[in-house]
Amino acid sequence: MASNNRENNVQEESNPLLGKQFEETQNDTEKPAKALPETQSPEKSPTEMGHVNGGGNGCAWTADGLPLGHGSVMGEPMGRAQWDSSLLACLGRNDEFCSSDLEVCLLGSVAPCVLYGSNAERLGSTPGTFANHCLPYSGLYLIGNTFFGWNFLAPWFSYPSRTAIRRKFNLEGSCEALHRSCGCCGSFVDDEQQQEQCETACDFATHVFCHPCALCQEGREIRRRLPHPGFNAQPVLVMIAPEEQGMGRGA
């Protein structure tokens with residue numbers, strides 16, 4: 001033991017810096033750790049946030065994936081989409097739905113009750129409701145044409161479907177279209193509640209005065225946006241038993 005103490009003393013005397021380093025480490029452990037100054041990340045502008053979140057055009061995006069320029073995050077109303085075809089485009093458009101547009105035009109001219117029932121069935125996405133809408137419409141259609149000479153009762157029954165289509169797909173109404181084209185109806189467009197009342201009245205007037213054209217426009221719009229509810233049915237697998245195979249005996 002005495003020899004080991006002597007060797008340690010010799011090493012300490014031979015290395016005078018070891019004692020200073022040992023004292024410095026003790027002083028460092030005794031001193032409290034200084035709190036690092038908090039680095040505040042600079043606030044990013046909406047344009048910078050737009051580039052970070054994928055908005056290459058310099059607009060910020062919400063948590064739902066909607067751009068701030070088109071959403072109601074800042075209190076701005078969302079822009080409404082236009083109808084796929086105009087009210088008087090009887091034959092529709094020359095695209096992949098051309099044959100469907102011709103069918104809609106034929107039904108609207110000859111059998112509007114069938115077209116209205118089909119539109120209501122597609123809009124509700126519930127198969128089997130065609131008769132629930134077609135039969136009441138047919139009754140009102142026959143009563144109006146038989147006793148009054150023109151179909152003025154069925155539009156009272158069918159115009160809410162136009163309002164439902166406009167609200168479901170956020171489509172532009174007649175009042176807003178007039179304000180966009182010629183600048184009129186400005187007082188109604190500014191107030192959202194008055195605008196909706198004006199649009200509902202325009203939907204009713206469209207069905208009363210242009211009833212076949214309104215049904216055809218709604219049919220073209222629905223067929224481009226919603227599939228027939230019958231197509232959503234689950235496929236049924238049919239298991240067929242294998243045929244019996246006879247074993248032929250060799251001669």
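The lining of the largest cavity in this predicted model has no nonpolar residues at all; its members split into two polar and five charged ones. By name, they are R80, R166, G173, E176, Q195, E196 and E199. Helix α10, which covers residues 192-209, puts in three residues, the most that any element gives to this lining. The enclosed space itself comes to about 30 Å³, and the count of cavities of 30 Å³ or more stands at one. As background, rolling a probe the size of a water molecule over the atoms shows where empty space is left.

Open space is there too. The largest pocket holds about 330 Å³. It is lined by 16 residues, and W83, L87, E172, A177 and Q217 are the ones closest to the pocket's centre. Three helices, α7, α8 (174-182) and α10, each hand over at least two residues to the pocket lining, with α8 giving the most, four residues. Sorted by class, the pocket lining is a mix: four nonpolar, seven polar and five charged residues.

Two of those helices, α7 and α10, also pack against each other, with axes 8 Å apart and an angle of about 130 degrees between them. That angle makes α7 oblique to α10, because it falls outside the ranges that count as roughly parallel, perpendicular or antiparallel. The crossing of α7 past α10 is right-handed. On the α7 side, the contact takes in P155, W156, S158, Y159, S161, R162, T163, R166 and R167, and these meet E196, E199, T200, D203, F204, T206, H207 and V208 of α10. Five of the residues in this contact are nonpolar, six are polar and six are charged. Some names come back here from the cavity: R166, E196 and E199 belong to the cavity lining and also to the contact of α7 with α10.

Helix α7 (residues 154-168) has another partner in helix α6 (residues 130-148), and the two axes come within 8 Å and cross at roughly 145 degrees. From α6, the residues involved are H133, P136, Y137, L140 and Y141, which touch A154, F157 and S158 in α7. This contact between α6 and α7 is made up of six nonpolar residues, two polar ones and no charged ones. S158 of α7 turns up in both settings, since it is listed in the contact with α6 and in the contact with α10.

Elsewhere along the chain, helix α4 (residues 98-110) packs with helix α5 (residues 112-124) at an angle of about 125 degrees, and their axes lie 5 Å apart. With that angle, α4 counts as oblique to α5. The meeting point brings V104, L107, G108 and V110 of α4 up against P112, V114 and L115 of α5. Here the residues divide into six nonpolar, one polar and no charged.

Note on methods
Residues are numbered from 1 along each chain as its sequence is written. This is a predicted model: local features need pLDDT of at least 70, side-chain atom pairs count only at pLDDT 80 or more; totals for chains, interfaces and linings use all residues. Side-chain values use heavy atoms; hydrogens and water are left out. On a 1 Å grid over the protein atoms alone, a cavity is a set of points where a 1.4 Å probe fits but cannot get out, and a pocket is an open set with protein on both sides within 12 Å along at least five of seven lines; lining residues have an atom within 4 Å of a point. Grid points are joined across faces, edges and corners, and a volume is the space filled by probe spheres set on the points. Ala, Val, Leu, Ile, Met, Phe, Trp, Tyr, Cys and Pro count as nonpolar, Asp, Glu, Lys and Arg as charged, and the others, Gly among them, as polar. Axes are lines fitted to C-alpha atoms, for helices over the stretch in contact, and angles run from 0 to 180 degrees between N-to-C directions. Contact means heavy atoms within 4.5 Å. Angles under 35 degrees count as roughly parallel, over 145 as roughly antiparallel, 65 to 115 as roughly perpendicular and the rest as oblique. A crossing is left-handed if the near helix is turned anticlockwise from the far one by less than a right angle, and right-handed if clockwise.
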